[in-house]
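Please open the structure in your viewer and keep the selection panel at hand. The tour below proceeds from one selection to the next.

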Amino acid sequence: MNNEWPLWEIFIRGQHGMSHRHVGSLHAPDAKMAIKNARDVYTRRNEGVSIWVVEANNISASSPSDKGPLYEPSESKVYRHPTFFDIPEEVGAM
Amino acid sequence: MYAQMVKSEASNEDPEKLAEFQARIDADIKIEPKDWMPQAYRKTLIRQIGQHAHSEIVGQLPEGNWITRAPTLERKAILLAKVQDEAGHGLYLYCAAETLGVSRDELTEMLLDGRMKYSSIFNYPTLNWADIGAVGWLVDGAAIMNQVPLQRTSFGPYSRAMIRICKEESFHQRQGYDAIRKMAEGTPEQRKMAQDAMNRFWYPSLMMFGPSDKDSVHSAQSMAWKIKINTNDELRQKFVDQTVPQAEYLGLTIPDPDLKWNEERGHYDFSEPDWSEFFDVIKGNGPCNVDRLAARNKAWDDGKWVRDGLLAHARKKQSGNLAAE
Amino acid sequence: MSVSVSNDALHQFLLRMGDNTLILGHRVSEWCGHAPVLEEDIALANTALDLIGQTQMWLGLAGEIDGGKSADDLAFLRDAWDFRNVLLVEVPNGDFGRTLMRQFLFDAWHSIMLGRLMTSADDRVAAIAAKASKEVAYHLERSGGTVVGLGDGTEESHARMQEALDYLWPYVGEMFASDEVDAQMVAAGIAPNPTDLREEYDALVGRILTQATLSIPESQFAHKGGRDGRMHTEHLGHLLTQMQWLQRAYPGAKW
């Protein structure tokens, strides 16, 4: 049996009110140890207020070859962006 | 550098795909792990990032050599934090390499049995306390020359690891200079230690950049792929130009009688290191090669029962949880 | 300070706290670059850094009372008989299992002790304890978790952890010994009587060791001689030889 510790992806909330952000990965025998290791590896410089760990195996990712169908259709929906609309200056901030 | 003389692989893949790949790199679009990439790019990167990671890990040893002899509590804490950072940097880099389909254990085994290399610099001993200053100032200084541009490297995970490393590394060189400055401004014995460290670390630091590669095909390919950003000679010159005034400030003599400012070039002229010594070190005949690898092998072998034990416990708990569901 | 107490007793008490963290921090730092896996290497360095930081505070305060000496003066310029750490922290690291078992046995005492010191009548002591206790709570969680993982891991890891516990257990009792210094600390409301911490300690350690499937040795024999400096182990002298070398060889130099 392969006895390498599983790989975990580490997400850290840097400050209160922010989202967790992927910061890197590490190895640990289980989730509890992964959190502790993340604390020791990725918050040495006071970088976090909350840690998520996910075993790398459990992440499903989109495929780069699907880039066209996944992301390009939204490119034409320009009306979703506020700059699409001209508002007369007299109306004020909107 | 931390990755010296990395050979690139030749590609024999679909020319159209290769052209598309190169176009992305030329447009500064990062390559991510799941993207198509030439086998040669993948292999070269594994070699380069792996060697870089190994250098961080073996690099813990010469500085770790002084942790228990640091002369003040503050110096001990600073040094320990710094050497710990090297372990962290090794960890980030192994993780970047792992996204290319090689495991950390595989890379480790290749380091331990000599199939993979680490930087020549870490095969030199640290003999007096000023060496700790010299390593931070000169060795980290040389490493930073290479690492800063590598933040822009084409492979996403490598680039992100380098960004994190550079951010953390910025204190390393400063602490080294601070430590050796105390010595250079200290008692006659301390000055002697500082000069002794300078004498021993100057040429090995220049060797870190590797031999001239301006005519190397490997280097040209790696530069086209943006996994190498500058030539070895460019970086070495930059390092010398930056370091000479810093040494002058300390009143330390760089052990090169031919070192002098060249007005015309706008750079310092300097002597090449002894490249036969460099190749000896690379081949395993440096002053500390055997000891360094023995120390890493011992840590790995002695640690096996710990890694296995903790994993066995985790598996037991997991199967216990499943049974309870 | 609310109650007057002899400076000498307070000084001794502070040395006991600071020498424990100094010597243990030194031992843990010996692992740097040699741990079983990178993540553990980094974690051990964090523990050592916390302990060195605590040493600066405890010995800093001890030095203040001792006529304006610095923490460095105390760490680097005393001989073995002036050290007041318990023997437990000066024994050699042994394998990773023994290092982590020693860490756990010390962390458990340390966390309980610091918890009491947070309400010390001496504000300076209380402030140091407040800062240190957060660090030590994490040390305990980490060392306790590792002791459980390795005790209840493979056959080999179990055997090694039991061996570590058997070796270290005779050094546990000294942490709970009381003498005249402790009596003065209790009277002044500065620190608890160490003997009174034993019950909580036994419950905590017993719980973790049970989870770790390890058996506490039956003998209650306890080595002593560290916290009063009467008789350290042979190991301390070697540790100091290394730690103090530069300061001793080049007196008066600034580093």
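The radius of gyration used here is taken over C-alpha atoms, and the globule rule that serves as its reference is 2.2 Å times the number of residues to the power 0.38. The model on the screen is a predicted one.

**First stop: chain A**

Select chain A and display its C-alpha trace. What radius of gyration does chain A have, beside that of a compact globule of 94 residues? The value for chain A is 21 Å, whereas such a globule would have one near 12 Å. Turn the trace about its principal axes: along them it spans about 65 × 35 × 15 Å.

Now change to a cartoon display. Chain A contains 3 strands and 2 helices, and their order along the sequence is β-β-α-β-α.

Next, show the surface of chain A. About 6,600 Å² is exposed, and 53% of this area is supplied by carbon and sulfur atoms. Of the 94 residues in the chain, 28% are buried. Among the contacts in chain A with a separation of 6 or more, 43% are between residues 24 or more positions apart.

Finally, colour chain A by charge. There are 10 positive and 12 negative charges, and the mean positions of the two groups lie 10 Å apart.

**Second stop: T44(B)**

Move to chain B and select T44(B), which is part of helix α2, residues 39-58. Is T44(B) buried or exposed? Its relative accessible area is 0%, so T44(B) is buried, because the term applies to any residue under 20%.

Show the side chain of T44(B) together with the backbone of A40(B). A polar atom of that side chain lies 2.6 Å from the backbone oxygen of A40(B). Then select the contacts of T44(B), leaving aside neighbours within four places in sequence: they are V6(B), K7(B), S8(B), E9(B), S222(B), W225(B) and I227(B).

**Third stop: Q151(B)**

Select Q151(B), in the loop of chain B between α6 (130-150) and α7 (156-184). With a relative accessible area of 23%, Q151(B) is partly exposed, because that term covers values between the 20% limit for buried and the 50% limit for exposed.

Which residues is Q151(B) in contact with, once its neighbours within four places in sequence are left aside? They are K30(B), S159(B), M162(B), I163(B) and C166(B).

To end the tour, draw a distance from the C-alpha of Q151(B) to that of A299(B). The two residues are 31 Å apart in space and 148 residues apart in sequence.

Technical notes: Residues are numbered from 1 along each chain as its sequence is written. Chains are lettered from A and ligands numbered from 1 in the order in which they are written. This is a predicted model: local features need pLDDT of at least 70, side-chain atom pairs count only at pLDDT 80 or more; totals for chains, interfaces and linings use all residues. Side-chain values use heavy atoms; hydrogens and water are left out. Helices (H or I, at least four residues) and strands (E, at least two) are DSSP runs, numbered from the N terminus. Buried means under 20% relative accessible area, exposed over 50%, partly exposed in between (1.4 Å probe, protein chains only). A polar contact is a pair of N or O atoms within 3.5 Å; within protein, one must be able to donate a hydrogen and the other to accept it, and residues adjacent in sequence count only if both atoms are side-chain atoms. Contact means heavy atoms within 4.5 Å. Accessible areas come from the Shrake-Rupley method with a 1.4 Å probe; for residues, only the protein chains shown count as cover. Lys and Arg count as positive and Asp and Glu as negative; His and the chain ends are not counted. The place of a charge is taken as NZ of Lys, CZ of Arg, CG of Asp or CD of Glu.
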